[in-house]
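Open the model in your viewer and keep the selection box handy. This tour goes stop by stop.

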Amino acid sequence: MIQVKGVRKSFGKNEVLKGVDLNVKKGEVVVILGPSGSGKTTLLRCVNFLEIADDGDLTIGDLSVRFKHATKKEILRVRRRTAMVFQNYNLFNNKNAIENVMEGLVTARKVPAADAYATAKKELDKVGLSDKYDAYPSQLSGGQQQRVAIARAVSLNPEVILFDEPTSALDPELVGEVLAVMRAVAREGITMIVVTHEMSFAHDIADHVVFMDAGVIVEEGTPKEIFTNPREARTKQFLDRILLKYDYSI
Amino acid sequence: MGKLFDVALVFEYMPVILSRFPVTLLIVSTSIIGGTLLGFLIALVRLYRVPVLNPAVVSYISFIRGTPVIIQMFLVYYGFPLLLLQVGININRWDKLYFVLISYMLNNAAFMAEIIRSAIASVPAGQTEAAHSVGLSGFQTLRRIVLPQAFFTAFPAFGTRVVNTLESTSLAFTLGILDMLGQAQAIGVRTYHLLEGYVVVALVFIAASMLLEKGFAWMERRLIPN
Ligand SMILES: Nc1ncnc2c1ncn2[C@@H]1O[C@H](COP(=O)(O)OP(=O)(O)OP(=O)(O)O)[C@@H](O)[C@H]1O
Ligand SMILES: [Mg+2]
């Protein structure tokens, strides 16, 4: 179980997160929606301590920390229970696909290299890249890079994987392969928090949908509640706009 | 005095002058190795904005970049002994070569610091964030992800710096170091044939810098993946 309570974050005078609460049950897929600048990325980054929140608490399983008082050790412990998939993939440019997956296992977790190699192979096979073990990021398409990144995240066996718009940087024809891999990850029962603008994907995969605007959670519920029967005007407006823009039907 | 320029003398002087080439190599290698190590520390001070040290190294770098090497050498040669005498260390009897080595090393440290700092800064922040997200510590991230990538970025500038150092070592003879130029000078004073010696020195420098450039280009092709 992951619990975020009262997280606040400002950049200078700009208050980006104004007290956000989020509860995610084990094995659940939570999709976060919201307009640009609403604080979705910042929220994920705070959970992974890529930003240090000004206030709030985080609980992952039996580990509880206060964001602003977290020690280096606690931050490392949180990061070992979480994994992140970035919009721009952020594969290690100096490492090939299999080394990208192995790095966290071997260097951070001290898994013996042979075991890490076997795990990395298995995870790359699962995302359909059994022929790309030795390929460097520059030799892979965006879709392939993102699939390596997902394999890297899954291999760490985290309690939650955070996805920040994993398909936004991809050419349209490559979006499908990444979403397919994410569906498979969800089916494995891995807890996921996903920021995405892919509405039909969100509708299919989410157990719980959260709509954020201007640093607060405006509305949350099941996909059915949010997509077919939003209560708040802001949610409705956002959905109308985005469905029009991307021309999706649900 | 005979002929103004005697080609035969070029061949005659070549081995004598070439025998001083190790001095040049010594200055280049120690100043590059020492300069790189020191420069790396300075780069870290700048990147992590270490209090107190950071402003100090910033002034140090602009001082080195803003003054001619020959001035730096004189300052080290005449200034260092005075400075150390204040704390009771007498280095007046040191071989001049040590002062030259120190000057060139201090000079290269500043240039290497800038090369290393900008190479490290050019590694995208996303690389560090991804490393953190898979659980690497700050030091592990630096060693396994950032530095290897920065190395490839820095490599061409590093090669250029080595060649520049090679050229600039010829100033060492102004302190009376018997390097190639010092040897050519000595021969000239004795035989009144200065030009032939200078031609030899020029030829050796051309050959050495071409070799170095080719070597670095080759290493760049070999080392840097895709
Ligand atoms: N490092 C930073 N420094 C200053 N301001 C920042 C920083 N990161 C984010 N912000 C600001 O915080 C606000 C929220 O940004 P955030 O990236 O969390 O939004 P988002 O919901 O992810 O938007 P998008 O859909 O465009 O990705 C924006 O106004 C942004 O300009
Ligand atoms: Mg974002």
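## Stop 1: a hairpin in chain A

Begin with the hairpin of β4(A) and β5(A), where two residues lie between the strands and G61(A) takes a positive phi near 60°. Keep in mind that you are looking at a predicted model.

Now select residues 55-60 of chain A, which are strand β4, together with β5(A). The two strands pair in the antiparallel sense, over four bridges. To see one pairing up close, pick D57(A): its bridge partner in β5(A) is R66(A).

Stay on β5(A), residues 63-66, and show the side chains. Which of them are buried? L63(A) and V65(A) are, and they point to one face. S64(A) and R66(A) point to the other face and are not buried.

## Stop 2: the sheet around the hairpin

Zoom out. Four strands of chain A form an open sheet here, in the order β2-β1-β4-β5. The pairing is antiparallel. Strands of a sheet pair through backbone hydrogen bonds. Look at the edges: β2 (14-24) and β5 of chain A each have a single partner strand, so one side of each is left without a neighbour in the sheet. On average, neighbouring strands of this sheet are turned by 15° against each other, direction ignored.

Add α2(A) to the view. This helix packs on the sheet and touches β4 and β5 of chain A. Its direction makes about 130° with that of β5(A).

## Stop 3: the six-stranded sheet

Next, select the strands β6-β7-β8-β3-β9-β10 of chain A, listed in sheet order. They form an open sheet of six strands, with mixed pairing. Which strands stand at the edges? They are β6 and β10 (216-221) of chain A, and each pairs on one side only. Neighbouring strands are turned by 20° against each other on average, direction ignored.

Pick β6(A) and β7(A), the latter being residues 160-164. They run parallel and are joined by four bridges. Click V85(A): its bridge partner in β7(A) is F163(A).

Now show α1(A), which packs on the sheet. Among the strands α1(A) touches are β3 (29-33), β8 (192-195) and β9 (208-213) of chain A. The direction of α1(A) makes about 150° with that of β7(A).

## Stop 4: two crossing helices

Select residues 113-126 and 142-155 of chain A, helices α4 and α5. Their axes come within 9 Å and cross at roughly 130°. That angle makes α4(A) oblique to α5(A). The crossing is right-handed.

Show the contact residues. From α4(A), they are T119(A), E123(A) and L124(A). From α5(A), they are V148(A), A151(A), V154(A) and S155(A). How do these residues divide by type? Four are nonpolar, two polar and one charged.

## Stop 5: a buried asparagine

Move to helix α3 of chain A, residues 97-108, and find N100(A). Is N100(A) buried or exposed? At 1% relative accessibility, N100(A) counts as buried, because the cut-off is under 20%. Its contacts include L91(A), F92(A), P137(A), V148(A) and R152(A).

## Stop 6: across to chain B

Finish with helix α6 of chain B, residues 125-133. How many of its nine residues are buried? Seven are, so this helix is mostly covered. Among the buried ones are G126(B), Q127(B), E129(B) and H132(B).

What covers them? The cover includes α1, α2, β6 and α5 of chain A, together with α7 (138-168) of chain B. One last click: G135(B), which follows α6(B), has a positive phi near 100°.

Terms used. Residues are numbered from 1 along each chain as its sequence is written. Chains are lettered from A and ligands numbered from 1 in the order in which they are written. This is a predicted model: local features need pLDDT of at least 70, side-chain atom pairs count only at pLDDT 80 or more; totals for chains, interfaces and linings use all residues. Side-chain values use heavy atoms; hydrogens and water are left out. Buried means under 20% relative accessible area, exposed over 50%, partly exposed in between (1.4 Å probe, protein chains only). Two strands pair if DSSP finds at least two bridges between them. Axes are lines fitted to C-alpha atoms, for helices over the stretch in contact, and angles run from 0 to 180 degrees between N-to-C directions. Angles under 35 degrees count as roughly parallel, over 145 as roughly antiparallel, 65 to 115 as roughly perpendicular and the rest as oblique. A crossing is left-handed if the near helix is turned anticlockwise from the far one by less than a right angle, and right-handed if clockwise. Contact means heavy atoms within 4.5 Å. Ala, Val, Leu, Ile, Met, Phe, Trp, Tyr, Cys and Pro count as nonpolar, Asp, Glu, Lys and Arg as charged, and the others, Gly among them, as polar. Lists of a residue's contacts leave out its neighbours within four places in sequence.
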